Amino acid sequence: MAKFDGIKGQELLDAEESKGELTLIFKDNRYLFVKVQDGKLVCDSVPE
């Protein structure tokens, strides 16, 4: 899970829920997209 090291310890500013996806927005303007695919959680991050 090293690709998520950049958001460890970052302050969470907002969480937005849309159809089938949860978007977490962190203080350093990074986004983490969480969704369910085939019964498993899938996470994609977008760096600043």
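## Overview

A residue is called buried here when its relative accessible area is under 20%. By that yardstick, 19% of the 48 residues of the protein count as buried. Keep in mind that this is a predicted model.

There isn't a helix to be found: the protein has zero helices and four strands, so reading along the sequence simply gives β-β-β-β. The C-alpha trace spans about 30 × 25 × 15 Å along its principal axes. As for contacts between residues at least 6 apart in sequence, 10% join residues at least 24 apart.

## How the strands pair

Start with β1 (12-18) and β2 (residues 21-26). These two run antiparallel, with six bridges joining them, and Ala-15 stands opposite Leu-24 in β2. They make a hairpin with two residues between the strands, and Gly-20 in that turn has a positive phi of about 75°.

On to the next pairing. β2 also goes antiparallel with strand β3 (residues 31-37), this time over five bridges. Here Leu-22 stands opposite Val-34 in β3. The hairpin of β2 and β3 has four residues between the strands, and Asn-29 is the one with a positive phi, near 65°.

## A look along β2

Two residues of this strand deserve a closer look. Thr-23 lies in β2 and counts as buried, because its relative accessibility of 8% falls under the 20% cut-off. Leaving aside residues up to four places away in sequence, Thr-23 touches Asp-14, Ala-15 and Glu-16, along with Tyr-31, Leu-32 and Phe-33.

Ile-25 sits in β2 too. Its relative accessible area is 11%, so Ile-25 is buried as well. With the same sequence neighbours set aside, the contacts of Ile-25 are Glu-11, Leu-12, Leu-13, Asp-14, Glu-16, Arg-30 and Tyr-31. Gly-9 is 16 residues away from Ile-25 along the chain, and their C-alpha atoms are separated by 13 Å.

## The nonpolar core

Which residues make up the largest nonpolar core? There are six of them: Phe-4, Ile-7, Leu-24, Phe-26, Leu-32 and Val-34. The elements giving two or more residues to this core are β2 and β3. As a rule, side chains in a regular strand alternate between the two faces of the sheet.

Leu-32 is a handy core member to click on. Not counting residues up to four places away in sequence, Leu-32 touches Phe-4, Ile-7, Leu-24 and Phe-26, and its other partners are Leu-22, Thr-23, Cys-43, Asp-44 and Ser-45.

## Out at the surface

Is Lys-8 buried or exposed? Lys-8 is found in the segment before β1, and it is exposed because its relative accessible area of 60% is over the 50% mark. Lys-8 and Gly-20 are 12 residues apart along the chain, with their C-alpha atoms separated by 24 Å.

For the protein overall, about 3,800 Å² is exposed, and carbon and sulfur atoms supply 52% of that area. On the charge side, there are 7 positive and 10 negative side chains, and the centres of the two sets lie 6 Å apart.

How values were computed: Residues numbered from 1 in each chain as written. Predicted model: local features only at pLDDT ≥ 70, side-chain atom pairs only at ≥ 80, totals over all residues. Heavy atoms only, no water. Buried < 20%, exposed > 50% of the residue type's maximum accessible area, 1.4 Å probe, protein only. Contact = heavy atoms within 4.5 Å. Pairing = 2+ DSSP bridges. Core = buried A, V, L, I, M, F, W, Y, C linked by side-chain atoms within 4.5 Å. Areas by Shrake-Rupley, 256 points an atom, 1.4 Å probe, with all protein chains shown as cover. Lys, Arg positive; Asp, Glu negative; His and termini not counted. Charge placed at Lys NZ, Arg CZ, Asp CG, Glu CD.
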